[in-house]
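Hi everyone, thanks for coming. Let's bring the structure up on the screen and walk through a few spots together.

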Amino acid sequence: MTDAELTGLLSDLESDRCERKESAGDGDKIRQAICAFANDLPNHNAPGVVFVGVRDNGTVAGLAVTDQLLLTLSNMKSDGNITPFPSLAVRKIRVGSDEVAAVIVEPSDAPPVRFKGRVSIRVGPRRDFATQEEERRLAEKRRSRDLPFDLHTLVSADLSDLDLNVFSRTYLRASVAPEVLEENQRSVEQHLASLRLARTDNGRLVPTVLGLLVAGREPDCFIPGAWVQFLRIDGTGLADPVRDAARFSGPLPEMLPQLEDKLRAHLETARDFVSGPGDIARADYPWVAIQQLVRNALLHRNYDSTSAPVRVLWFNDRIEILSPGGPYGQVTQQNFGQPGVTDYRNPHFAEAMHNLGYVQKFGAGIALARRQMEINGNPPLEFVVEAANILATLRKAV
């Protein structure tokens, strides 16, 4: 928060996002306030602030804000009275000619937060310890945050950001049996919720990450890495001329076929003449191997903490497919690609790709690609497995 935002909040006597203390003398009251703001029961999804050196009526008390005072307030985070540790910052701000200490508390990702074993909350003018029902609501907030990222809601989006025609025409029909659709007569909103493409958040139906990936008009507006970069390079290095370039985004049932059409168009086929009635056509790369590795890159990538796209770089001698996000779960750098070793950071997106027919058998993509490379006479697949990304390289058949 900026100093202007802090002073604006300080002067708002009606706000339930701040508390005012004349001094740091009653440390337990300050800790209770920190705990309450961390729990964020009203779902402000914004920081709460404890102002130290301010009276209840908003006037400044003239407290000397020393380095020792700031250290004392900062140490309240980790002195063992509040668990789990809250996320907070302590700053000195000027109000006119006076100084005030501001303890800025972020909403916790793991509520309920407890002060000396009890759950402190603030709702409107009331700061108290949570009732059993209020504590249950906080626990539900934690469970929702513990969901896989593909089921997180994106509150900046609404249902108008979903292409409901794509959803109804493609994904709904691929995911629900026709007789069930005929029988239940649910609304589109009910179908979105039942298939986890939307969830209720603060009283309104909000698209999930899954919903935007599967049916979003422009998913990359909300999930920055949700697109694919393609470059066909006339040479063997990035400094060589670019023959073709394309950017693919949009709802999965439209984006992936467009991407695969582009890749298929760049395949070249040679003919091996043999004795006998005919000849044998052989592509420079087996299509199934390219397809499986691109789909794997989309399925297993990290959509949460990076804005990088999946990249397909097609050189004269090789294809490189770079997927942001390293190994996940039981998959490690050591056992990557071994038969039977698989895990899913995006389990519901994996289900969606299966429903749409892009995944036939989970965990078989790399094995299938390796087999097709061998049959086609290509060198073995190569993988560089890093903590932050995975690079698959297909070498051209010679």
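I'll talk about one helix, then one loop residue, then the cysteines. Please keep in mind that this is a predicted model.

Let's start with helix α9, residues 252-265. Does its length make sense? What should 14 residues span at 1.5 Å a residue? The expected value is 20 Å, and the end C-alpha atoms of α9 are 20 Å apart, so the two agree.

Now, which residues of α9 are buried? They are L252, P253, M255, L256, L259, E260 and L263. Looking down the axis of α9, these buried residues fall within an arc of 165°, so they line one face of the helix. The general background is that an α-helix has 3.6 residues a turn, so residues three or four places apart point the same way. Over on the other side of α9, D261 and A265 are exposed.

Next, N335, which sits in the loop between β16 (318-324) and α11 (347-355). Is N335 buried or exposed? Its relative accessible area is 16%, and the cut-off for buried is under 20%, so N335 counts as buried. Its side chain reaches the backbone nitrogen of T332 at 2.7 Å. Setting aside neighbours within four places in sequence, N335 is in contact with Q330 and V341.

Last stop, the cysteines. How many disulfides do we count? Zero. Take C35: the nearest cysteine sulfur belongs to C18 and is 17 Å away. C35 is buried, at 0% relative accessibility, whereas C221 is exposed, at 53%.

That's my tour, and I'm happy to go back to any of these spots.

Notes
Residues numbered from 1 in each chain as written. Predicted model: local features only at pLDDT ≥ 70, side-chain atom pairs only at ≥ 80, totals over all residues. Heavy atoms only, no water. Helix = DSSP H or I, 4+ residues; strand = E, 2+ residues; numbered from the N terminus. Expected span 1.5 Å × (residues − 1). Buried < 20%, exposed > 50% of the residue type's maximum accessible area, 1.4 Å probe, protein only. Arc of directions from axis to C-beta. Polar contact = N/O pair within 3.5 Å; in protein donor to acceptor, adjacent residues only side chain to side chain. Contact = heavy atoms within 4.5 Å. Disulfide = S-S within 2.5 Å.
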